[in-house]
Amino acid sequence: MTEPGNPDTSTTTTAQPEPEPKDYFVSRDGVRYAGSHLIIDLWDAHRLTELEHVDRVLRQAAADTGATILHGHFHHFGEGCGVSGVLVLAESHVSIHTWPERGYAALDIFVCGGCDPYRALPALKAGFSPGRVQLAEHKRGLSDEP
């Protein structure tokens with residue numbers, strides 16, 4: 001009991017369960033894995049020497065996957081030369097290396113969680129107007145856990 005003039009400073013707390021850590025692994029079609037890694041080759045592509053353009057296109061492509069961009073770094077190798085760059089994502093990364101003298105760009109898009117790397121393709125096609133696209137997918141972190 002509290003005496004008059006002395007506030008009750010006791011507190012009652014109820015133990016709250018610890019929140020479950022979020023699992024960013026993907027479960028699709030009965031398969032569980034860390035994420036999808038697309039390897040993309042663009043042939044007869046355009047605007048591969050333009051650092052700002054390459055940066056802008058990759059940022060749009062990453063956003064279209066549903067990813068969160070944390071940091072980007074792009075490097076231009078000089079007049080008429082290619083560009084290399086990477087976007088670090090909360091969900092992994094997007095990278096590019098260009099060979100404008102061959103009209104070729106090598107990209108990889110690795111995303112986990114609810115991101116869909118295939119949703120990047122329209123931005124890449126619109127931004128670089130390739131004559132041909134080669135694509136391979138690798139499921140990273142295949143797990144035998146349910």
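# Ring pairs, salt bridges and a loop glycine

In this predicted model, ring pairs join Trp43, Trp99 and Tyr104 into a cluster. The number of aromatic pairs found is two. In one of them, the ring centres of Trp43 and Tyr104 are 4.4 Å apart and the planes meet at 35°, so this pair is tilted. Trp43 belongs to strand β3 (residues 35-43) and Tyr104 to strand β7 (residues 104-112), so the pair ties together parts that are 61 residues apart in sequence. The pair formed by Trp99 and Tyr104 is also tilted, with 5.3 Å from centre to centre and 40° between the planes.

The members of the cluster can also be described by their accessibility. Tyr104 has a relative accessible area of 15% and is therefore buried, since the cut-off for that class is under 20%. Trp43, at 25% relative accessibility, is partly exposed, and Trp99 is partly exposed at 35%.

Charged side chains form a further set of contacts. Side chains of opposite charge can pair when their charged atoms come close. Across the whole structure, three salt bridges are found, and they are listed below with their N to O distances.

| Salt bridge | N to O distance |
|---|---|
| Glu50 and Arg47 | 2.8 Å |
| Arg59 and Asp55 | 2.4 Å |
| Glu137 and Lys139 | 3.2 Å |

Arg59 and Asp55 are both part of helix α1 (residues 51-65), where four residues, about one turn of the helix, separate them. Asp55 is buried at 18% relative accessibility, whereas Arg59 is partly exposed at 33%. In the bridge between Glu50 and Arg47, Glu50 is partly exposed with a relative accessible area of 30%, and Arg47 is partly exposed at 41%. Glu137 is likewise partly exposed, at 34%, and its partner Lys139 is partly exposed at 30%.

Lys139 takes part in a second kind of arrangement: its charged end sits over the ring of Tyr33, 5.1 Å from the ring centre. Arg140 lies over the face of Phe110, at 5.2 Å from the centre of that ring.

The last residue considered is Gly80, in the loop between β4 (69-76) and β5 (83-89). Gly80 is partly exposed, with 49% relative accessibility. Leaving aside residues up to four places away in sequence, Gly80 touches Thr49 and Pro100. The C-alpha atom of Gly80 is 9.0 Å from that of Glu50, although the two residues are 30 residues apart along the chain. Glu50 is the residue that forms a salt bridge with Arg47.

Methods
Residues are numbered from 1 along each chain as its sequence is written. This is a predicted model: local features need pLDDT of at least 70, side-chain atom pairs count only at pLDDT 80 or more; totals for chains, interfaces and linings use all residues. Side-chain values use heavy atoms; hydrogens and water are left out. Helices (H or I, at least four residues) and strands (E, at least two) are DSSP runs, numbered from the N terminus. Buried means under 20% relative accessible area, exposed over 50%, partly exposed in between (1.4 Å probe, protein chains only). Contact means heavy atoms within 4.5 Å. A salt bridge is a side-chain nitrogen of Lys or Arg within 4 Å of a carboxyl oxygen of Asp or Glu. Rings of Phe, Tyr and Trp (its six-membered ring) pair if their centres lie within 6.5 Å; planes under 30 degrees apart count as stacked, over 60 as edge-to-face and the rest as tilted. A charge sits over a ring if NZ of Lys or CZ of Arg is within 6 Å of the ring centre and within 35 degrees of the ring normal.
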